[in-house]
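Biologist: Before I accept any description of this fold, I should like each term justified. Please set every value against its definition.

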Amino acid sequence: MDFRISEQQQSLYNGAKAFAEREVFTTVLERDKHERWDDALWKKMADAGLIGAPFPEEYGGTGLTAMETCLVQEGFTHGGHDGGLSMAWGASTILCGVPIWKLGTEDQKQKYLPKMCSGEWVGAFCLSEAGSGSDAASMKTKAVKDGNRWILNGSKMWITNGPIANHFIVTAVTDPEAKAFGISTFIVDRDFPGFKVGQHIDKMGMNTSRTSEILFEDCEVPEENLLGDINSGFVVTAKLILGWERSTMLAGALGGQRANLDVVCRYANERVQFNRPIAKFQAVRHMIADMKIRYEIGRNLIYRVAWQLDSGDDPPLIDAAIAKVQVSEAAQKTARDAIQILGGVGYTKEYHVERSLRDAILTTIGAGSSEIQRGIIARSVLDI
Ligand SMILES: Cc1cc2nc3c(=O)[nH]c(=O)nc-3n(C[C@H](O)[C@H](O)[C@H](O)COP(=O)(O)OP(=O)(O)OC[C@H]3O[C@@H](n4cnc5c(N)ncnc54)[C@H](O)[C@@H]3O)c2cc1C
């Protein structure tokens, strides 16, 4: 076990942070307010090597390890203080790109990954439906084989990047009797006949990412767009994504905590009440100390999951679940306390902490709620 971060790895963090301070932070208030997606910014992220961070160089990627991808993602969200863009990156690079990289045929990798890495194409991931969220395996979207193509019917809900993505990883039932073992994964292009973007979803936070419903009406998917083996959609794709999601993607929620710590420390040292900086008051100091403790605990949990990925192991479900609960709940508590420490100005948009609370609220719901994770942890501890 080696907990050190090398100088070279630290420079990845610093580079991503500096990039985001320059390119992301400067427009985040405006993009959040108008729910604006910025194609040019995405292209700059790609040029900086962020979009293709974990993919091999032969597919146009940056070739970073999972641990290094965490560092880049944490640094990016630290500098940009932009949870929505961080989530859009995760939906494209991690939830869509990683399954193509790890499960795709050579043709699929060659077709999709280089254009994702270059920023030309954005990806998305379609698992949830209006009737099936936590119980995702009870999905209704179906795929039926017809000659050399699949015909998809159904709809997906809450799809990050839905309105702007070029292609979508879609899970659909291919063997209704087999339940979770009868679900397959497809890569569906936006221009396939029968594909439609449904209603735009108006959100509380994460407003720098776009979200929509996705509809499949006799959508024609060529057979070569099946991803991985038939009926392995839930047991293989979903399992593969878990470890990546609960390390590289969740690292954004760590960066957000660090950004809030920066804001709070600066403010607490400057703001004077009762003739002294509020940082001198023990009640304030303890809140700041707790923010730091939560951040450090989360960092160890997330980077351990990434280390397991880099070691070639499947991260244990329980480790990933513990990381998910701790980091998402810490992100909310830290954002809430940051507002408290800033007082009235914390409640305004100017200091970015109110947006970070709105963004952080999603983290205990999306990608497996805290309640579901606690169920997994309890089952494991109780040895059920
Ligand atoms: C902004 C946003 C972006 C999203 N992006 C995507 C995306 O890109 N792709 C995608 O596929 N999905 C996406 N989702 C969907 C997200 O993953 C689901 O919202 C999440 O899985 C929860 O499902 P649900 O909303 O249907 O809630 P439900 O499953 O209906 O849960 C409602 C409540 O019941 C609790 N609950 C449910 N079952 C249990 C249980 N067994 N034990 C205890 N409590 C339980 C839950 O914890 C929750 O508190 C996104 C959601 C949002 C809001």
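Modeller: Let us begin with one pair: helix 8 and helix 10 are roughly parallel to each other. The model is a predicted one, in which local features need pLDDT of at least 70 and side-chain atom pairs count only at pLDDT 80 or more, while totals for chains, interfaces and linings use all residues. Residues are numbered from 1 along each chain as its sequence is written.

Biologist: Why are helix 8 and helix 10 called roughly parallel?

Modeller: The axes of helix 8 (residues 251–270) and helix 10 (residues 317–342) cross at roughly 20° and come within 9 Å. Angles under 35 degrees count as roughly parallel, over 145 as roughly antiparallel, 65 to 115 as roughly perpendicular and the rest as oblique. The pair is therefore roughly parallel. Axes are lines fitted to C-alpha atoms, for helices over the stretch in contact, and angles run from 0 to 180 degrees between N-to-C directions.

Biologist: What is the hand of the crossing of helix 8 and helix 10, and which residues make the contact?

Modeller: The crossing is left-handed, a term used if the near helix is turned anticlockwise from the far one by less than a right angle (right-handed if clockwise). Helix 8 contributes residues including Ala253, Leu254 and Val264, and helix 10 residues including Val327, Ala331 and Leu342. Contact requires that C-beta atoms, placed from the backbone, lie within 7 Å.

Biologist: How many residues of the contact of helix 8 with helix 10 are nonpolar, polar or charged?

Modeller: That contact has 13 nonpolar, five polar and no charged residues. Ala, Val, Leu, Ile, Met, Phe, Trp, Tyr, Cys and Pro count as nonpolar, Asp, Glu, Lys and Arg as charged, and the others, Gly among them, as polar.

Biologist: What is the arrangement of helix 1 and helix 4?

Modeller: The axes of helix 1 (residues 7–23) and helix 4 (residues 66–80) cross at roughly 30° and come within 7 Å. That makes helix 1 roughly parallel to helix 4. Their crossing is right-handed. The contact of helix 1 with helix 4 has nine nonpolar, six polar and four charged residues.

Biologist: Which domains are assigned, and how do domain 1 and domain 3 meet?

Modeller: The assignment, of the automatic or database kind, gives domain 1 (7–122), domain 2 (124–234) and domain 3 (242–381). In domain 1, 23 residues are in contact with 24 residues of domain 3. Helix 4 gives the most to the side of domain 1 that touches domain 3, with 10 residues.

Biologist: How do you know where the ligand lies relative to domain 2 and domain 3?

Modeller: Both domain 2 and domain 3 give residues to the shell around the ligand, so it lies between them. The ligand is surrounded by 21 residues, and Gly133, Ser134, Trp158, Ser369 and Glu371 are the closest; a residue is near if its C-beta atom, placed from the backbone, lies within 6 Å. By class, this shell has 11 nonpolar, eight polar and two charged residues.

Key: Helix = DSSP H or I, 4+ residues; strand = E, 2+ residues; numbered from the N terminus. Contact = placed C-beta atoms within 7 Å.
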